[in-house]
Amino acid sequence: DLSVEEAAASIAKISNIFQIPIDQAERVSSAFNELSNTTVATADQLVDVVRRVGDAGGLLNFEQSLALAGQALELGQSPEVAGTAIVKT
């Protein structure tokens with residue numbers, strides 16, 4: 001549910017946040033795709049939350065941040081509320 005340009009820009013930003021090498025871009029995009037296919041969350045919602053949460057001050061890795069984003073969205077939280085709640089926690 002993201003355009004190619006949006007997906008590429010989002011993957012680049014997230015890779016930068018988590019210091020993921022560019023050769024791992026397929027792994028990052030696959031993780032978003034899989035979670036958006038298996039939950040009620042859309043890819044753009046997941047990207048929104050993960051960008052808001054980032055690495056939570058160095059406490060989370062990419063997979064942890066994505067998992068928390070998916071769980072919060074699955075529980076019916078908006079991306080804004082989910083991101084804020086995860087960071088505050």
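A residue is called buried here when its relative accessible area is under 20%, and exposed when that figure is over 50%, with partly exposed in between. Keep those cut-offs in mind during the tour, and remember that the model on the screen is a predicted one.

**First stop: the loop between helix 1 and helix 2**

Select Phe18, which sits in the loop between helix 1 and helix 2. Is Phe18 buried or exposed? Its relative accessible area is 13%, and because buried means under 20%, Phe18 counts as buried. If you now display what surrounds Phe18, leaving aside neighbours within four places in sequence, you will find it in contact with Val50, Gly54, Asp55, Leu60, Asn61, Phe62 and Ser65. One of these, Asn61, deserves a distance line in the viewer: Phe18 and Asn61 are 43 residues apart in sequence, yet their C-alpha atoms are 6.7 Å apart in space.

Next, select Gln19, which is found in the loop between helix 1 and helix 2 as well. At 63% relative accessibility Gln19 counts as exposed, and its backbone has a positive phi of about 55° although Gln19 is not a glycine.

**Second stop: helix 2**

Now select residues 25-38, which form helix 2. At 1.5 Å a residue, the 14 residues of this helix should span 20 Å, and the C-alpha atoms at its ends are indeed 20 Å apart, so the expectation and the model agree. Colour the buried residues of helix 2, which are Ala25, Val28, Phe32, Leu35 and Ser36. When you look down the axis of helix 2, these buried residues fall within an arc of 110°, so they line one face of the helix. An α-helix has 3.6 residues a turn, and so residues three or four places apart point the same way.

Turn to the face of helix 2 that points away from its buried side, and you will meet the exposed residues Glu26, Asn37 and Thr38. The buried residues of helix 2, by contrast, pack against helix 1 (4-17), helix 3 (43-53) and helix 4 (62-74).

**Third stop: where helices 1, 2 and 3 meet**

Show helix 1 together with helix 2, whose axes come within 10 Å and cross at roughly 110°. That angle makes helix 1 roughly perpendicular to helix 2. The residues to select for this contact are Ile11, Ile14 and Ser15 of helix 1, with Ala25, Val28, Ser29 and Phe32 of helix 2.

Replace helix 1 with helix 3, and look at how helix 2 packs against helix 3 at an angle of about 120°, with the two axes 9 Å apart. Helix 2 and helix 3 are therefore oblique to each other, and helix 2 passes helix 3 in a right-handed crossing. Which residues meet between helix 2 and helix 3? Phe32, Leu35 and Ser36 in helix 2 meet Ala43, Leu46, Val47 and Val50 in helix 3.

To complete this stop, show helix 1 and helix 3, which pack at an angle of about 30° with their axes 10 Å apart. Because angles under 35 degrees count as roughly parallel, helix 1 and helix 3 are described as roughly parallel to each other. Their crossing is left-handed, and the contact is made by Ser10, Lys13, Ile14 and Ile17 of helix 1 and Val47, Val50 and Arg51 of helix 3.

**Fourth stop: the loop between helix 3 and helix 4**

Select Ala56, which is found in the loop between helix 3 and helix 4. Its phi is near 50°, a positive value in a residue other than glycine, and at 24% relative accessibility Ala56 counts as partly exposed.

**Last stop: helix 5**

Finally, select residues 79-88, which make up helix 5, and colour its buried residues, Pro79, Ala82, Gly83 and Ile86. Seen down the axis of helix 5, these buried residues fall within an arc of 95°, so they line one face of the helix. What covers the buried residues of helix 5 includes helix 3 and helix 4.

Centre the view on Ala82, which is part of helix 5 and is buried, with a relative accessible area of 1%. Not counting residues up to four places away in sequence, Ala82 touches Val49, Ala72 and Gln77. For a closing distance line, join the C-alpha atoms of Ala82 and Ala69, which are 13 residues apart along the chain and separated by 6.8 Å.

Terms used:
Residues numbered from 1 in each chain as written. Predicted model: local features only at pLDDT ≥ 70, side-chain atom pairs only at ≥ 80, totals over all residues. Heavy atoms only, no water. Helix = DSSP H or I, 4+ residues; strand = E, 2+ residues; numbered from the N terminus. Expected span 1.5 Å × (residues − 1). Buried < 20%, exposed > 50% of the residue type's maximum accessible area, 1.4 Å probe, protein only. Arc of directions from axis to C-beta. Contact = heavy atoms within 4.5 Å. Axes fitted to C-alpha atoms, helices over the stretch in contact; angles between N-to-C directions. Parallel < 35°, antiparallel > 145°, perpendicular 65-115°, else oblique. Left-handed = near helix turned anticlockwise from the far one by under 90°.
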